[in-house]
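I opened this notebook to record what I looked up in one structure. The entries follow the order in which I consulted it.

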Amino acid sequence: MEATEDSSAPSSERRPSIKDVAALAGVSWRTVSNVIHGHRYLRPETKEKVEAAIKELGYRPRVAARQLRGGKSQLLTLAVPYIANPYFASLAHAVVEAAGRENYVVLIDETLGLPEREKQVARGYGSILTDGIIFSPLSVPVGELVSLRDSTPLVLLGQHTANPDIDHVIVDNIASTRAATEHVVSLGRRRIGFLGYLAEGTLGTGDLRFAGYQQALQAAGIPLDPALVVGPASVSADAVTAEGDYSREEGFARAEHLIPRIHEFDAIVCANDLLAIGLMHAFRLHGIRIPEDIAVIGWDDSPEGAFTAPTLSTIAPDLRSIATLAVETLLGRMENPTREVVGLTAPHRLIVRGSTAG
């Protein structure tokens, strides 16, 4: 005779339900619910039976469903391109801390800068329960993100995302890189290169920093020499990393191409610290002295930069401020979905270390 399935027993292929717990404990599902929610008026023996059944079955209450009915999950999502990048890792830490002060937990999504992943973020993830999203896009233009978004509160990070139709928090990339360039100009450097400009590729952070570099040269009366704008190098497939054009490996490869004409430069402004760190490593291997032969400055204040030899001068964005402003803006949008769009600028500062000052 063919066996029939016992519908009253929990299937090993599905998650046990509250009714499975009730059947095993010999009580109603409402009693199980009362135990889960800590109802005060329960007989000790009943509570013990239910708790034993929960443990035996490995039952986990469907918290998300209850939260959805209540309208809040107490979860925020931070979406960044590369979590391995020191800047985004430090930013994530700051956002977790800022959200924690408001009793929120942060889920972190790594988009890798892929357009479809970024569009999914803009759409609010669909099936993922989150109260709001803090998002640093890399590939999809802000206008398209605005057109794609659903009702999930969304705050964008990065100056290239500044848009009158959506909340955003930025650091002034132009002013900060102008300050970095002015610093090396003040040291008497005149043949100042720039590393990190891309004619094509990801959204405009590198372009904005290049604009700041240009402004500083113009203010100092130094003509822009295209030969000092260092383009991308051909990095071997084995050396390709998640940070792509802004990695240590890329900085090292570009430095290798510069060595034959290093006499043309007396300083290089790098679009981020990772490029600068890779560049400095190659220079050291070739006996090029920093800063005596060439000064180097980065952008990010990566923790690694304080331990390079020499230590790396850099622009330090105030990550704690960025995170706090982003979380506060997001919570404000959650409380009042129809309020005016908020656009905020976080501070930055110049940190002078051995790679420029000796």
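The entries below concern a predicted model.

**Entry 1: the N-terminal helices.** I began with helix H1, residues 18–25. I noted that Asp20, Val21, Ala22 and Ala25 are buried in H1. Just after H1, I found Gly26 with a positive phi of about 70°. I then turned to helix H2, which covers residues 29–36 and has Thr31, Val32, Ser33 and Val35 as its buried residues. I asked which helices the buried residues of H2 pack against. I found that they pack against H1 and helix H3, the latter being residues 44–57. The buried residues of H1, in turn, pack against H2 and H3.

**Entry 2: the nonpolar cores.** I next looked up how the buried nonpolar residues are grouped. In soluble globular proteins, nonpolar side chains tend to be buried together. In this model, I recorded 68 residues in the largest nonpolar core. Ile192, Ile268, Leu279, Phe283, Val296 and Ile322 have the most contacts inside that core. I followed Val296 further, setting aside its neighbours within four places in sequence. Val296 is in contact with residues including Ile268, Cys270, Ala276, Leu279, Met280 and Phe283. Its contacts also include Ile290, Leu312, Ser313, Ser355 and Thr356. Apart from the largest core lies another, of 13 residues, with Val121, Ala122, Val140 and Leu156 among them.

**Entry 3: Leu148.** I located Leu148 in helix H7, which comprises residues 142–148. Is Leu148 buried, partly exposed or exposed? I recorded Leu148 as partly exposed, because its relative accessibility is 23% and buried would require a value under 20%. Not counting residues up to four places away in sequence, Leu148 touches Lys119, Ala122 and Arg123. Ala122, a member of the 13-residue core, is 26 residues from Leu148 along the chain, and their C-alpha atoms are separated by 5.9 Å.

**Entry 4: the largest pocket.** I looked up the space in the largest pocket and noted about 580 Å³. Of the 30 residues that line this pocket, Tyr87, Phe88, Leu138, Thr205 and Arg209 are the closest to its centre. Helix H5 (86–100), strand S5 (168–171) and helix H9 (205–219) are the elements that give two or more residues to the lining. By class, I recorded 16 nonpolar, ten polar and four charged residues in the lining of the largest pocket.

**Entry 5: aromatic pairs.** I returned to Tyr87 and Phe88, both of which are buried. A pair of aromatic rings is described by the distance of the centres and the angle of the planes. The count for the model comes to five aromatic pairs. How are the rings of Tyr87 and Phe88 arranged? The ring centres of Tyr87 and Phe88 are 5.2 Å apart and the planes stand at 80°, so I entered the pair as edge-to-face. I also noted one aromatic cluster formed by Phe194, Tyr197, Phe210 and Tyr213.

**Entry 6: the second largest pocket.** I closed with the second largest pocket, whose volume is about 370 Å³. Its lining has 19 residues, and Ser151, Pro153, Arg333, Met334 and Pro337 lie nearest its centre. I asked which helix gives the most to this lining. I found that helix H12, residues 319–335, does so with four residues. The lining of the second largest pocket divides into eight nonpolar, three polar and eight charged residues.

Technical notes:
Residues are numbered from 1 along each chain as its sequence is written. Side-chain values use heavy atoms; hydrogens and water are left out. Buried means under 20% relative accessible area, exposed over 50%, partly exposed in between (1.4 Å probe, protein chains only). Contact means heavy atoms within 4.5 Å. A nonpolar core is a set of buried Ala, Val, Leu, Ile, Met, Phe, Trp, Tyr and Cys residues joined through side-chain atoms within 4.5 Å. On a 1 Å grid over the protein atoms alone, a cavity is a set of points where a 1.4 Å probe fits but cannot get out, and a pocket is an open set with protein on both sides within 12 Å along at least five of seven lines; lining residues have an atom within 4 Å of a point. Grid points are joined across faces, edges and corners, and a volume is the space filled by probe spheres set on the points. Ala, Val, Leu, Ile, Met, Phe, Trp, Tyr, Cys and Pro count as nonpolar, Asp, Glu, Lys and Arg as charged, and the others, Gly among them, as polar. Rings of Phe, Tyr and Trp (its six-membered ring) pair if their centres lie within 6.5 Å; planes under 30 degrees apart count as stacked, over 60 as edge-to-face and the rest as tilted.
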